[in-house]
Amino acid sequence: MAMYPGGGAAPASSVPGNDEDDDFHWDDAAEAELQAIEAAYAKRRRLPDWASPSPSSRPRYSQSPVSGGSTPSWVLTPPSFQGNVRARHQPVSFRGKIVYCRTHSEVEKAARDILGRIESSKAPGPVSLGFDLEWKPFPKRGEPPCKVAVMQLCMEKTLCYVLHIAHSGVPDILKSLLEDNSSIKVGICIDNDARKMLNDYDVCVQPLMDLSILANIKLAGPPKRWSLASLTQMITCKELPKPSNIRMGNWEADVLTKQQLQYAATDAYISWYLYEALQVLPDYNAEAEIESVKVA
């Protein structure tokens with residue numbers, strides 16, 4: 001039976017979240033600041049310069065007419081306004097139900113549940129699955145690197161699974177889920193996480209989509225190496241908290257704290273969310289964008 005953080009058995013291993021439907025919202029003050037940013041950006045009428053850092057604001061969809069009567073292309077571009085107006089970045093946090101599993105049987109049940117949800121979705125292609133790992137960063141002197149301790153999986157905004165595989169191991173059904181083509185596992189630098197799972201547990205996680213690569217295909221500007229925090233800020237205008245005391249904490253603890261569970265679930269959730277937001281956008285066409293500026 002799963003445990004609540006801090007001990008004590010519970011029939012369902014979950015952390016209830018806020019009932020608010022959408023975490024991404026604005027207050028009136030932030031909206032006024034963003035309107036000022038957009039007004040200033042509109043006056044400048046030039047391509048954004050991503051080579052140097054700029055204050056971020058709300059992502060903007062801009063219509064770019066293409067010469068020759070082609071269908072307009074839609075691109076997501078970050079305003080490059082360098083003035084004194086700054087939008088306040090509120091922290092983003094997963095507000096759904098966290099299912100925490102730390103025994104072999106609980107992890108088996110979670111994997112069956114996810115596979116059932118994938119099957120019942122009847123999606124025409126692979127279902128996106130936010131995927132992330134945590135492990136203890138500093139092994140004892142002379143010991144090999146620590147194995148993966150925690151795996152997070154998320155495929156919707158209301159539910160996230162946190163699997164404490166340091167204690168449960170990787171049951172066969174979880175291995176099948178991770179290696180199955182019915183879901184595409186998404187995250188930042190996900191190739192490294194997949195390699196770690198292969199080395200630690202002989203599990204070949206596939207298929208994969210690196211959000212940094214996807215963002216460079218979909219967003220305007222020269223390619224860059226995105227972190228999960230920077231891409232979250234770009235797409236949602238929210239800050240992804242990365243407190244070092246949690247990020248570099250003891251993920252092999254007997255029972256994870258509520259703070260660790262919230263941190264872990266948020267990373268998997270925002271990976272899923274960013275993939276869903278990016279994959280609906282058409283690929284960015286730099287030549288068409290430059291041509292539209294010349295016409296303007």
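What follows is a chat about a predicted model of a protein chain.

Visitor: Let's start with strand E7. Are its residues buried or exposed?
Guide: E7 is mostly covered, with five of its five residues buried.

Visitor: Which residues sit on which side of E7?
Guide: Val-150, Gln-152 and Cys-154 are on one side, and Met-151 and Leu-153 are on the other. Both faces of the strand are covered.

Visitor: How many bridges join E6 to E7?
Guide: Five bridges, and the two strands run antiparallel. As one example of a partnership, Phe-131 is bridged to Leu-153 in E7.

Visitor: And how do E7 and E8 pair?
Guide: In the antiparallel sense, over four bridges. Met-151 stands opposite Leu-163, which is in E8. E7 and E8 form a hairpin, and four residues lie between them.

Visitor: Where is Glu-156, then?
Guide: Glu-156 is in the loop between strand E7 (150-154) and strand E8 (159-163).

Visitor: Why is Glu-156 called partly exposed?
Guide: Because its relative accessible area is 22%, and partly exposed covers values between the 20% limit for buried and the 50% limit for exposed.

Visitor: What does the side chain of Glu-156 make polar contacts with?
Guide: One polar contact is with the side chain of Arg-117, at 3.1 Å. Another is with the side chain of Thr-158, at 2.8 Å.

Visitor: Which residues is Glu-156 in contact with, leaving aside neighbours within four places in sequence?
Guide: Phe-94, Arg-117, Tyr-269 and Trp-272.

Visitor: How far apart are Glu-156 and Ser-128?
Guide: They are 28 residues apart in sequence, and 9.0 Å apart in space from C-alpha to C-alpha.

Visitor: Change of topic. Which residues of the largest nonpolar core touch the most other members?
Guide: The core has 28 residues, and those touching the most other members are Phe-131, Met-151, Leu-153, Leu-163, Leu-174, Leu-178 and Met-197.

Visitor: Which elements give two or more residues to this core?
Guide: The strands are E5 (97-101), E6 (127-134), E7 and E8, and the helices are H2 (104-121), H4 (172-179) and H5 (190-201). H2 gives the largest share of the core, five residues.

Visitor: Pick Leu-174. What is it in contact with?
Guide: Apart from neighbours within four places in sequence, Leu-174 is in contact with Val-107, Ala-111, Met-151, Leu-153, Leu-163 and Ile-165.

Visitor: On to helix H6. Which of its residues are buried?
Guide: H6 spans residues 211-218, and its buried residues are Leu-211, Ser-212, Leu-214, Ala-215 and Lys-218.

Visitor: Why are they said to be on the same side of H6?
Guide: Because they cover an arc of only 160° around the axis.

Visitor: What do the buried residues of H6 pack against?
Guide: Two strands, E9 (183-187) and E10 (208-210), and two helices, H7 (228-236) and H9 (258-279).

Visitor: What caps the N-terminal end of H6?
Guide: Asp-210 does, with a side-chain oxygen 2.9 Å from the backbone nitrogen of Ser-212.

Visitor: Now the rings. How many aromatic pairs are there in the whole structure?
Guide: A search finds four. In one of them, Trp-251 and Tyr-263, the ring centres are 6.0 Å apart and the planes are at 40°, so the pair is tilted.

Visitor: Where are Trp-251 and Tyr-263?
Guide: Trp-251 is in the loop between helix H8 (244-247) and H9, and Tyr-263 is in helix H9, 12 residues apart. Both Trp-251 and Tyr-263 are buried.

Visitor: What about the pair Tyr-269 and Tyr-273?
Guide: That pair is tilted too, because its planes are at 50°, and its ring centres are 6.2 Å apart. Tyr-269 and Tyr-273 both lie in helix H9, four residues apart, which is about one turn of the helix.

Visitor: Is Tyr-269 buried or exposed?
Guide: Tyr-269 is buried, with a relative accessible area of 4%. Tyr-273 counts as partly exposed, at 25% relative accessibility.

Visitor: Which residues do ring pairs link into a cluster?
Guide: Phe-94, Tyr-269, Trp-272 and Tyr-273.

Visitor: Last one. Where is Gln-260, and what does it touch?
Guide: Gln-260 is in helix H9. Not counting residues up to four places away in sequence, Gln-260 touches Ile-246, Asn-250 and Trp-251. Gln-260 is buried, with a relative accessible area of 8%.

Notes
Residues are numbered from 1 along each chain as its sequence is written. This is a predicted model: local features need pLDDT of at least 70, side-chain atom pairs count only at pLDDT 80 or more; totals for chains, interfaces and linings use all residues. Side-chain values use heavy atoms; hydrogens and water are left out. Buried means under 20% relative accessible area, exposed over 50%, partly exposed in between (1.4 Å probe, protein chains only). Contact means heavy atoms within 4.5 Å. A polar contact is a pair of N or O atoms within 3.5 Å; within protein, one must be able to donate a hydrogen and the other to accept it, and residues adjacent in sequence count only if both atoms are side-chain atoms. The arc is that of the directions from the helix axis to the C-beta atoms. A nonpolar core is a set of buried Ala, Val, Leu, Ile, Met, Phe, Trp, Tyr and Cys residues joined through side-chain atoms within 4.5 Å. Two strands pair if DSSP finds at least two bridges between them. Rings of Phe, Tyr and Trp (its six-membered ring) pair if their centres lie within 6.5 Å; planes under 30 degrees apart count as stacked, over 60 as edge-to-face and the rest as tilted.
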